[in-house]
Structures are given as C-alpha cells and as structure tokens.
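Work through the exercises below with the sequence and the coordinates at hand. Each task is followed by a solution in steps.

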Amino acid sequence: MKTTLHLTMAAFVGVLALGFSTLATTPAASADGKELYREYCKGCHEEGSPNGEYTPMSLIQDQWTRFFDKKYTRTHKSVIDEKHGGKPVTETISPEDLELIREFSIEGAADSEHPMTCG
Ligand code: HEC
C-alpha cells in the first residue's frame with residue numbers, strides 16, 4: 001500500500017514536471033510577434049527616429065487597432081523598406097506576419113496588462 005502511494009506520487013510529480021517544462025519551452029504567440037516587430041518595424045521607429053519612435057507601449061490598444069485597420073496601408077504604402085529589398089513596407093511584410101505584429105502590439109500596448117517595449 002505504501003509503495004503504491006509512493007509510485008502514484010512519483011507519477012503525479014512527473015506529470016507536473018512535464019507540464020511545467022512544456023509550458024516553459026512553448027513560445028507564446030507574442031514571442032514571434034516580437035521578433036517580427038524587431039525585424040520589420042523597429043529599424044524605422046527606434047529611439048530618436050525622425051519617423052517617430054514606436055514600441056507597443058507607445059500607443060493604447062484602441063490606437064493600435066485603428067492604426068492596423070485604417071492607417072497602416074495609407075501611411076506605409078509609399079515608404080520604401082531598404083533593409084528588405086527596397087519594396088514598400090506594405091509589400092514587404094506578409095499578411096500573416098503583420099497579423100502577429102498586430103497581436104504583439106495590442107498585447108503590449110500602454111493600457112494592456114503587460115506594457116512592452118520591443119527590447
Ligand atoms: C521603412 C521604414 C518604415 C518601416 C519598416 C515601418 N514604418 Fe512606420 N512609419 C514610417 C514613416 C516614414 C512614417 C510616417 C508616415 C507619415 O507621417 O505619413 C511611419 C508612421 C508610423 C506610425 C504613425 C502613424 C500615424 O500617422 O498615426 C506608426 C504607429 C507606425 N509607423 C508603426 C509601424 C509599425 C508597427 C511597423 C511595422 C509593422 C512600421 N511602422 C514599419 C516608416 C516605417
């Protein structure tokens with residue numbers, strides 16, 4: 001009886017440990033968004049940039065939503081991204097990547113639970 005209990009405990013602890021290690025190694029969706037933000041946005045919007053300094057926490061969630069819904073295409077379709085082959089920003093970033101950047105920005109907005117810079 002005692003052995004069985006120990007085994008059960010061991011199995012339980014094992015499952016817990018496994019659960020935690022899976023949690024720790026699975027990257028959050030925002031990790032990809034963060035990388036993408038750094039790659040595709042930061043170059044033009046870092047500190048002191050004449051284009052304006054923007055990290056997720058520069059705007060509140062409503063402002064980011066409005067930016068991606070309404071302003072992004074208008075403000076970036078004629079901006080050439082020299083770092084990624086000299087095409088307009090809107091043609092450089094794929095819709096899938098833009099969606100991740102959008103999620104990351106809204107998740108890290110000034111009024112979110114975890115305001116973020118992009119490191
Ligand atoms: C190649 C340079 C370049 C890249 C890359 C770039 N931007 Fe911009 N961004 C600009 C310029 C230039 C403006 C100013 C446009 C204007 O004033 O009409 C701007 C404006 C903005 C604004 C202010 C818009 C407004 O008028 O309210 C935000 C927010 C912004 N960018 C966010 C981003 C995000 C997020 C990304 C990545 C998805 C990004 N930018 C990628 C050059 C860039």
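Two residues are in contact if their C-beta atoms, placed from the backbone, lie within 7 Å. The model is predicted: local features need pLDDT of at least 70, side-chain atom pairs count only at pLDDT 80 or more, and totals for chains, interfaces and linings use all residues. Residue numbers start from 1 along each chain as its sequence is written.

**Exercise 1. Overall layout**

Task: Find the order of helices and strands, the share of buried residues and the share of contacts that join residues at least 24 apart.

Solution. Step 1: take helices (H or I, at least four residues) and strands (E, at least two) as DSSP runs, numbered from the N terminus. The chain then has five helices and two strands, in the order α-α-α-β-β-α-α.
Step 2: call a residue buried if 20 or more other C-beta atoms lie within 10 Å of its own, exposed if 12 or fewer, and partly exposed in between, with C-beta atoms placed from the backbone. By this count, 16% of the 119 residues are buried.
Step 3: among contacts between residues at least 6 apart in sequence, 65% join residues at least 24 apart.

**Exercise 2. The shell around the ligand**

Task: Which residues come nearest to the ligand, and which element gives the largest share of the shell?

Solution. Step 1: a residue is near a molecule if its C-beta atom, placed from the backbone, lies within 6 Å of it. There are 17 residues around the ligand, and C41, C44, N51, T75 and D81 come nearest. Two or more shell residues are given by each of α2 (29-45) and α3 (61-76).
Step 2: α2 supplies the largest share, five residues.
Step 3: sort the shell by type, with Ala, Val, Leu, Ile, Met, Phe, Trp, Tyr, Cys and Pro as nonpolar, Asp, Glu, Lys and Arg as charged, and the others, Gly among them, as polar. The result is nine nonpolar, six polar and two charged residues.

**Exercise 3. The largest nonpolar core**

Task: Which residues make up the largest nonpolar core?

Solution. Step 1: join buried Ala, Val, Leu, Ile, Met, Phe, Trp, Tyr and Cys residues through C-beta atoms within 7 Å. The largest such set has seven residues: L36, Y37, C41, L100, I101, F104 and C118. At least two of them come from each of α2 and α5 (95-107).
Step 2: leaving out residues up to four places away in sequence, L36 touches D97, L100 and I101.
Step 3: F104, in helix α5, is buried because 26 other C-beta atoms lie within 10 Å. Its C-alpha lies 9.6 Å from that of E35, 69 residues apart in sequence.

**Exercise 4. Y40 and H114**

Task: Are Y40 and H114 buried, partly exposed or exposed?

Solution. Step 1: Y40, in helix α2, has 19 C-beta neighbours inside 10 Å and therefore counts as partly exposed. Beyond four places in sequence, Y40 touches T92, I93, D97 and I101.
Step 2: H114, in the segment after α5, has 10 such neighbours inside 10 Å, so H114 counts as exposed. The C-alpha atoms of H114 and M57 are separated by 8.9 Å.

**Exercise 5. Helix geometry**

Task: Compare the spans of α3 and α5 with those expected at 1.5 Å a residue.

Solution. Step 1: the expected span is 1.5 Å times one less than the number of residues.
Step 2: α5, with 13 residues, reaches 18 Å, close to the 18 Å expected.
Step 3: α3, with 16 residues, has end C-alpha atoms only 20 Å apart, short of the 22 Å of a straight helix.
Step 4: look for a bend, the angle between axes fitted to the seven residues ending at a residue and the seven starting there. α3 has a kink of about 55°, centred on K70.
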